[in-house]
Amino acid sequence: MSDATQAATGAVASIWRYPVKSMMGEELNDARVSDHGLLGDRVYALLDGSDGKVATAKNPRKWPTLFAFRSTFIERSAGGAQASAVRITLPDGTVVTGDESDLNQLLSKAINREVTLVATERAHAGGAQSSVPASRTAKAEEYWPDIEGLDHRDTVTDFELPTGTFFDCATVHLLTTATLDRLRQFYPQGRFEVQRFRPNIVVKLVELQQTFPEDSWIGHTLAVGDEVRLNVTGPCGRCVMTTLAQGDLPADRGILRTAVQHNRANVGVYAAVVRGGTIRRGDQVRVSAI
């Protein structure tokens, strides 16, 4: 069955990117997608001045305030002095940009730890004073809360990020509104909002086919709009980040506990880009066998 004749599985309900790893991101009406994922997504990170590890909200004991920062990606013309840049809003409301000479001092003071803003090589023109080589594998830490069913309990482990990137696993993360609705049914007092799960693409289905419908996409090609094609590679295992307070969302370990109990801690799926292009809110989403 060709892409043109496939029935729509759903439609793009929202699009998100997170320019600086583990900071709050931005909702978009459209986005360009390449082999590297959404343009501007996770192209920056903070490096710990003491050990060189990437700052991540996966270890909230070490980085308790990352969700109080917000980042946006500034796209500029290719002919300009910079192809792109990042804007960061600090917890006190101060706004700084990636090309400020004292940026690292401002960030370090705000986070109460010596840090350096770095970029992937493909985003180095965006104002960060240093970049991570494409051949380098960055490292980070993850705290595992004491919840039965997780691989570890009440401990911190190290993990490596995909070489040359600041992604935890894959370049694109998808989530359906049906999965959030189902989790709310399992745990009505929990606030299962999109922001807790940090997806790139949220899909609203035409009809509900199973409890966690994204899981059936694994091993298939997902067509998003007329151009973009994604290979859905595996489930997205959740971590302590989903339990943290952010904005008006309270801290709630029941969020992760519910995911563990009902879907082996998986919420959403990861994907690799087969064909790039532009995606837009409202685009049809279709699934086919590879």
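These exercises walk through the fold, the surface and the salt bridges of one predicted model.

Residues are numbered from 1 along each chain as its sequence is written, and side-chain values use heavy atoms, leaving out hydrogens and water. In this predicted model, local features need pLDDT of at least 70 and side-chain atom pairs count only at pLDDT 80 or more, while totals for chains, interfaces and linings use all residues.

**Exercise 1. Describe the chain as a whole.**

Step 1: take the secondary structure. The chain has 4 helices and 19 strands. Both are DSSP runs numbered from the N terminus: helices are H or I with at least four residues, strands are E with at least two.

Step 2: take burial. Of the 290 residues, 54% count as buried. Buried means under 20% relative accessible area, exposed means over 50%, and partly exposed lies in between (1.4 Å probe, protein chains only).

Step 3: take the contacts, meaning heavy atoms within 4.5 Å. Among contacts with a separation of 6 or more, 69% join residues 24 or more positions apart.

Step 4: take the surface. The accessible surface is about 12,700 Å². Carbon and sulfur atoms own 46% of that surface. The method is Shrake-Rupley with a 1.4 Å probe; for residues, only the protein chains shown count as cover.

**Exercise 2. Work out which parts of the chain the salt bridge of arginine 17 ties together.**

Step 1: set the rule. A salt bridge needs a side-chain nitrogen of Lys or Arg within 4 Å of a carboxyl oxygen of Asp or Glu. The structure holds 17 of these bridges.

Step 2: find the partner. Arginine 17 pairs with glutamate 75, and the closest N and O atoms are 3.3 Å apart.

Step 3: place both ends. Arginine 17 sits in strand 1 (residues 10-17) and glutamate 75 in strand 6 (residues 70-75), so the bridge ties together parts 58 residues apart in sequence.

Step 4: check the cover. Arginine 17 is buried, at 5% relative accessibility. Glutamate 75 is partly exposed, at 41%.

**Exercise 3. Place the salt bridge between aspartate 168 and lysine 21.**

Step 1: the N to O distance is 2.6 Å.

Step 2: aspartate 168 lies in the loop between strand 12 (155-160) and strand 13 (172-176). Lysine 21 lies in the loop between strand 1 and strand 2 (26-28). The two residues are 147 residues apart.

Step 3: aspartate 168 is partly exposed at 27% relative accessibility, whereas lysine 21 is buried at 5%.

**Exercise 4. Locate the salt bridge between aspartate 181 and arginine 184.**

Step 1: their side chains meet at 2.6 Å, N to O.

Step 2: both residues lie in helix 2 (residues 177-186), 3 residues apart, about one turn of the helix.
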